[in-house]
Amino acid sequence: MKEITAILQRLNEREPLPRLLPEQVWDDQLSEEINTLAAEEIRPEGEAPPSPQTVEAVRSSLLLLNDDLYSSHTISQSLDNPLGSYLHGVMHRREGDFPNAKYWFRKAGEHPIHALLYDEGRKMDADLEQRGTWDPAAMVDEVEEVHRNGAEDSDKGMALRKLQMLEMQMLIGFSVGSE
């Protein structure tokens with residue numbers, strides 16, 4: 001558990017916030033640490049180790065937050081479940097393949113993080129408040145518009161970056177306890 005705690009601390013303290021569409025891996029060494037994370041390092045001592053599929057979901061979500069899209073993609077496309085599809089959707093949104101991102105979000109369906117993501121996220125973005133629910137396809141559309149307008153550092157772009165960070169943090173938490 002110590003190793004994943006250190007990884008999460010480094011990722012959560014990133015400054016500036018991860019870009020919506022990163023151009024490179026944030027920390028190559030951290031990707032190596034994530035890829036070698038053992039099952040026993042994911043759960044607190046005394047708890048049963050997670051299944052291999054859960055370990056891979058945790059790795060994929062951590063890699064997303066480290067902007068290692070290629071490595072995350074390799075893992076998420078091998079996870080044949082709604083969580084894998086959701087992670088796959090986030091990865092494609094972050095690489096700028098917006099139609100493919102929507103496909104994977106549709107395939108994932110309603111996700112357990114959506115209600116909490118909406119409740120917390122609407123404090124960050126007034127547009128989300130108006131929607132009344134978390135809608136991954138709407139997030140894709142907003143990211144695409146901000147990207148197309150070169151406005152990632154605008155107020156709207158920063159609000160989306162905060163939402164994205166929150167989404168990825170929630171996915172990591174969900175992945176850790178996904179059995």
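**Exercise 1. Which residues is Glu152 in contact with, leaving aside its neighbours within four places in sequence?** Establish also where Glu152 lies and whether Glu152 is buried or exposed.

*Solution.* The model is a predicted one.
- Step 1: Glu152 is located in the loop that lies between helix 9 (136-148) and helix 10.
- Step 2: Apart from neighbours within four places in sequence, the contacts of Glu152 are Arg19, Leu20, Leu21, Val146, Gly157, Met158 and Arg161.
- Step 3: For Leu20, the contact can be specified further, as the backbone nitrogen of Leu20 is reached by the side chain of Glu152 at 2.5 Å.
- Step 4: Buried means under 20% relative accessible area. The relative accessible area of Glu152 is 8%, so Glu152 is buried.

**Exercise 2. Determine how helix 3 and helix 10 are oriented to each other, and which residues make their contact.**

*Solution.*
- Step 1: Helix 3 comprises residues 52-65 and helix 10 residues 155-176; their axes come within 8 Å and cross at roughly 165°.
- Step 2: Angles over 145 degrees count as roughly antiparallel. Helix 3 and helix 10 are therefore roughly antiparallel.
- Step 3: The crossing of these two helices is left-handed.
- Step 4: Helix 3 contributes Thr54, Ala57, Val58, Ser61, Leu62, Leu64 and Leu65 to the contact, while helix 10 contributes Met165, Met168, Leu171, Ile172, Ser175 and Val176.
- Step 5: Sorted by class, the contact of helix 3 with helix 10 holds ten nonpolar residues, three polar ones and no charged ones.

**Exercise 3. Carry out the corresponding analysis for helix 4 and helix 5.**

*Solution.*
- Step 1: Helix 4 (residues 69-76) packs with helix 5 (residues 82-95) at about 150°, the axes being 9 Å apart.
- Step 2: This angle makes helix 4 roughly antiparallel to helix 5.
- Step 3: The crossing is left-handed.
- Step 4: From helix 4, Leu69, His73 and Ser76 meet Gly84, Leu87, His88, Met91, His92, Arg94 and Glu95 of helix 5.
- Step 5: The contact of helix 4 with helix 5 has three nonpolar, five polar and two charged residues.

**Exercise 4. Describe the backbone at Pro16 and at Asp67.**

*Solution.*
- Step 1: Pro16 belongs to the loop between helix 1 (2-12) and helix 2 (28-35).
- Step 2: The peptide bond leading from Glu15 to Pro16 is cis, its omega being near -5°.
- Step 3: Asp67 is in the loop between helix 3 and helix 4.
- Step 4: Phi of Asp67 is near 65°, which is positive although the residue is not glycine.
- Step 5: The relative accessibility of Asp67 is 7%, so Asp67 counts as buried.

Key: Residues numbered from 1 in each chain as written. Predicted model: local features only at pLDDT ≥ 70, side-chain atom pairs only at ≥ 80, totals over all residues. Heavy atoms only, no water. Axes fitted to C-alpha atoms, helices over the stretch in contact; angles between N-to-C directions. Helix = DSSP H or I, 4+ residues; strand = E, 2+ residues; numbered from the N terminus. Parallel < 35°, antiparallel > 145°, perpendicular 65-115°, else oblique. Left-handed = near helix turned anticlockwise from the far one by under 90°. Contact = heavy atoms within 4.5 Å. Nonpolar A, V, L, I, M, F, W, Y, C, P; charged D, E, K, R; others polar. Buried < 20%, exposed > 50% of the residue type's maximum accessible area, 1.4 Å probe, protein only. Polar contact = N/O pair within 3.5 Å; in protein donor to acceptor, adjacent residues only side chain to side chain.
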